[in-house]
Amino acid sequence: MCGIIGILGKAPVAQRVLESLKRLEYRGYDSAGIASLEPNGALERRRASGKIINLEAVLASAPLQGHTGIGHTRWATHGAPTESNAHPHATEKVALVHNGIIENFRPLRARLMAEGHRFTSQTDTEVIAHLITSHILAGMDPIAASEAAIGELEGAFALACIFADAPDLMFGARRGSPLVIGIGDGEMFLGSDAIAVAPFTQTIIYLEEGDSAALTRAGARIKDDKGQPVTRPRAQVMGAAAAEKGNHRHFMQKEVYEQPETLARTVGRYVDGFSETVSIPDLGALDLAAIDQIFLVACGTASYAGRVAEYWLESLAKIPVECDIASEFRYRSPVLGPKSAAMFISQSGETADTLAALRYAKQAGLPTLSVLNVPQSTMWRETDCVLPTLAGPEIGVASTKAFTAQLTALAAFTIALAKARGTIDADAEHRLARALIEMPRLVAQALQCEPMAQQLGAEIAKSVGCLFLGRGVYFPLALEGALKLKEISYLHAEGYAAGELKHGPIALVDENMPVIVLAPKDPLFEKTMSNVEEVHARGGKIILISDPPGHGASEHLNVRRLIIPSCDGIVSPIVAAIPIQLIAYHTALSRGTDVDQPRNLAKSVTVE
Ligand code: F6R
């Protein structure tokens with residue numbers, strides 16, 4: 001969602017703040033702004049609604065010269081995405097940017113207005129600027145004033161503040177939203193994630209929950225949630241290149257093409273190629289054999305990864321599984337058994353609902369496992385056991401390489417659990433391990449379907465909607481196909497279990513309705529083909545995604561065909577994810593939508 005960058009620099013910082021904001025565009029936003037402490041000692045702001053290009057135009061006509069500056073991309077929560085609601089918010093004393101939501105902003109605002117403060121926006125954030133100002137006017141220095149102000153806030157925040165009378169100071173604080181410090185050569189940075197500061201420095205410090213930090217060009221003084229000085233470890237971040245498109249037209253396309261590599265990395269984490277065995281490193285105190293039920297909890301695409309895993313876990317590890325959408329989980333009073341474990345799946349590790357569900361499960365005393373992509377994210381720190389997906393930074397809003405990496409980690413978990421429960425023997429483990437080892441190569445082969453996906457995308461783009469059908473593990477994949485298509489092409493799409501078709505959705509089928517059927521040859525193939533016949537009989541435009549045996553067995557049908565390689569059932573949904581990603585991508589290209597930053601969407605959804 002919102003993005004933060006702050007720079008204490010040696011030269012004017014506006015252009016670098018802008019550069020960083022462009023890197024943060026992937027998080028989703030609808031306005032942007034920048035503030036700097038100008039050479040004349042005044043805090044000045046430039047803000048614009050809409051894309052950063054609008055802010056760039058404002059800055060070009062009214063440049064900023066300060067060496068101390070902050071910038072923000074805002075995803076509107078309180079107040080419309082207008083210029084006056086865009087961050088930074090400021091008084092004569094302080095300018096600040098904020099991620100998160102201040103829950104008690106109404107009483108604070110009323111109190112400050114009664115004291116004579118004038119508000120110019122409808123945001124919750126502006127109250128923080130006035131709160132700090134009121135403490136400064138009462139005689140506190142900027143650090144003490146900021147510390148006092150955050151002590152009065154309820155809710156979630158990451159903050160970066162600069163001050164009119166302190167050119168060598170930037171104050172940051174995190175509670176609920178991540179914040180990192182970047183350490184440069186005589187320069188210091190604050191960012192909402194490592195990507196924000198990656199162009200300027202590779203050395204960062206992840207602030208812990210409740211930390212605050214006073215930065216000068218010489219370094220950072222960090223305090224913990226009790227106000228005690230602490231030292232936090234330094235980390236090295238990946239090169240800035242991770243946030244470049246390379247020679248791809250979009251981040252999404254780049255990320256789709258990275259999958260053979262990201263999947264090989266993720267497989268390498270869990271599978272020993274030499275012994276052909278599968279294990280979950282760093283299980284800590286968790287005894288897999290002692291679990292008798294698993295709750296799989298996530299949002300959106302990550303929840304579909306969980307629903308694929310539900311089939312694997314029940315059939316291979318013979319364990320009862322309940323899949324939940326995170327926003328429902330803790331409100332439906334789930335019956336948690338004494339031997340239940342809860343598993344969370346999240347690319348960002350910051351999704352508000354998934355994080356709240358994790359905390360709920362922990363409070364109920366369940367062991368928690370999380371499949372996560374962003375190292376050191378909040379969920380990473382709070383879960384008992386992390387199963388990393390080594391997909392690298394995912395910039396495109398639509399999840400692609402993170403989804404297939406989640407499936408890979410979940411497949412490995414299934415095998416490890418099945419082994420611990422004695423439901424598979426060593427031969428089965430070796431076979432499944434080999435399937436995982438071969439999978440990245442098969443994914444690379446599946447990418448060769450792009451020309452066909454392009455042709456199909458151009459046709460689908462002209463239709464009024466699209467249906468995706470599948471059985472077994474291909475049912476959640478059908479849901480994912482529909483989600484991917486609608487989020488980036490804005491075309492209405494639905495995913496159904498193929499057997500559900502005649503219970504209602506078949507009414508939608510006519511000669512204008514593309515019906516994408518996911519059906520590699522498996523034990524359910526013939527049943528899915530019966531459903532295909534039903535669509536065929538009603539003139540639906542069928543697109544069959546299958547492997548060579550599946551296409552061979554359906555030769556008599558007049559359908560469009562997209563071929564993926566044959567593979568073991570445990571990796572088949574991973575390979576079959578490639579064509580649905582490419583079809584969504586090319587449909588969106590044909591419709592001219594914003595592939596990497598679809599309207600209304602945010603990469604990391606940090607509000608409920
Ligand atoms: C869709 C998509 C979203 C996310 C969901 C959860 O392409 O990316 O549906 O999967 O918002 O996000 P994470 O995985 O960060 O918890």
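In this predicted model, the lining of the largest cavity is made up, by class, of five nonpolar, nine polar and two charged residues. That lining comprises 16 residues, and those that lie nearest the centre of the cavity are Cys-2, Trp-75, Thr-77, His-98 and Gly-100. Two strands, β4 (68–74) and β6 (94–102), each supply at least two residues of this lining, and the largest share, three residues, comes from β6. The space inside the largest cavity amounts to about 110 Å³, and the structure holds three cavities of 30 Å³ or more.

The strand β4 also borders a loop with a backbone feature of its own, since the loop between β4 and β5 (89–90) is the place of Pro-88. The peptide bond that joins His-87 and Pro-88 is cis, with omega at about 0 degrees. A further backbone feature is found at Asp-282, which has a positive phi of about 60 degrees although it is not a glycine. Asp-282 belongs to the loop between β17 (277–278) and β18 (293–298).

Turning to the open spaces, the largest pocket has a volume of about 670 Å³. It is lined by 36 residues, of which Ala-194, Tyr-206, Asn-373, Val-374 and Pro-375 are the closest to its centre. The elements α6 (194–197), β15 (234–236) and α12 (378–382) each supply at least two residues of the lining of this largest pocket. By class, the lining of the largest pocket has 18 nonpolar, eleven polar and seven charged residues.

Which pocket holds the ligand? The ligand sits in the second largest pocket. Two helices, α9 (300–316) and α16 (474–489), are the elements that give two or more residues to the shell around the ligand, and α9 gives the most, with three residues. In total, 13 residues surround the ligand, and the closest of them are Ser-346, Gln-347, Ser-348, Thr-351 and Glu-487. Sorted by class, this shell has four nonpolar, seven polar and two charged residues.

Oxygen atoms of the ligand take part in contacts with both backbone and side-chain atoms of the protein, as the following table sets out.

| Residue | Protein atom | Distance from a ligand oxygen atom |
|---|---|---|
| Gln-347 | polar backbone atom | 2.6 Å |
| Lys-484 | N or O atom in the side chain | 2.8 Å |
| Ser-399 | polar backbone atom | 2.9 Å |

Beyond these contacts, the protein covers 88% of the 410 Å² of accessible area that the ligand has on its own. Gln-347, whose backbone supplies a polar atom 2.6 Å from a ligand oxygen atom, is also among the residues named as closest to the ligand. Lys-484, which places a side-chain N or O atom 2.8 Å from an oxygen atom of the ligand, falls within the range of α16 (474–489), one of the elements that give two or more residues to the shell.

How values were computed: Residues are numbered from 1 along each chain as its sequence is written. This is a predicted model: local features need pLDDT of at least 70, side-chain atom pairs count only at pLDDT 80 or more; totals for chains, interfaces and linings use all residues. Side-chain values use heavy atoms; hydrogens and water are left out. A residue is near a molecule or strand if one of its heavy atoms lies within 4 Å of it. A polar contact is a pair of N or O atoms within 3.5 Å; within protein, one must be able to donate a hydrogen and the other to accept it, and residues adjacent in sequence count only if both atoms are side-chain atoms. Accessible areas come from the Shrake-Rupley method with a 1.4 Å probe; for residues, only the protein chains shown count as cover. On a 1 Å grid over the protein atoms alone, a cavity is a set of points where a 1.4 Å probe fits but cannot get out, and a pocket is an open set with protein on both sides within 12 Å along at least five of seven lines; lining residues have an atom within 4 Å of a point. A molecule sits in a cavity or pocket if more than half of its atoms lie within 2 Å of its grid points. Helices (H or I, at least four residues) and strands (E, at least two) are DSSP runs, numbered from the N terminus. Ala, Val, Leu, Ile, Met, Phe, Trp, Tyr, Cys and Pro count as nonpolar, Asp, Glu, Lys and Arg as charged, and the others, Gly among them, as polar. Grid points are joined across faces, edges and corners, and a volume is the space filled by probe spheres set on the points.
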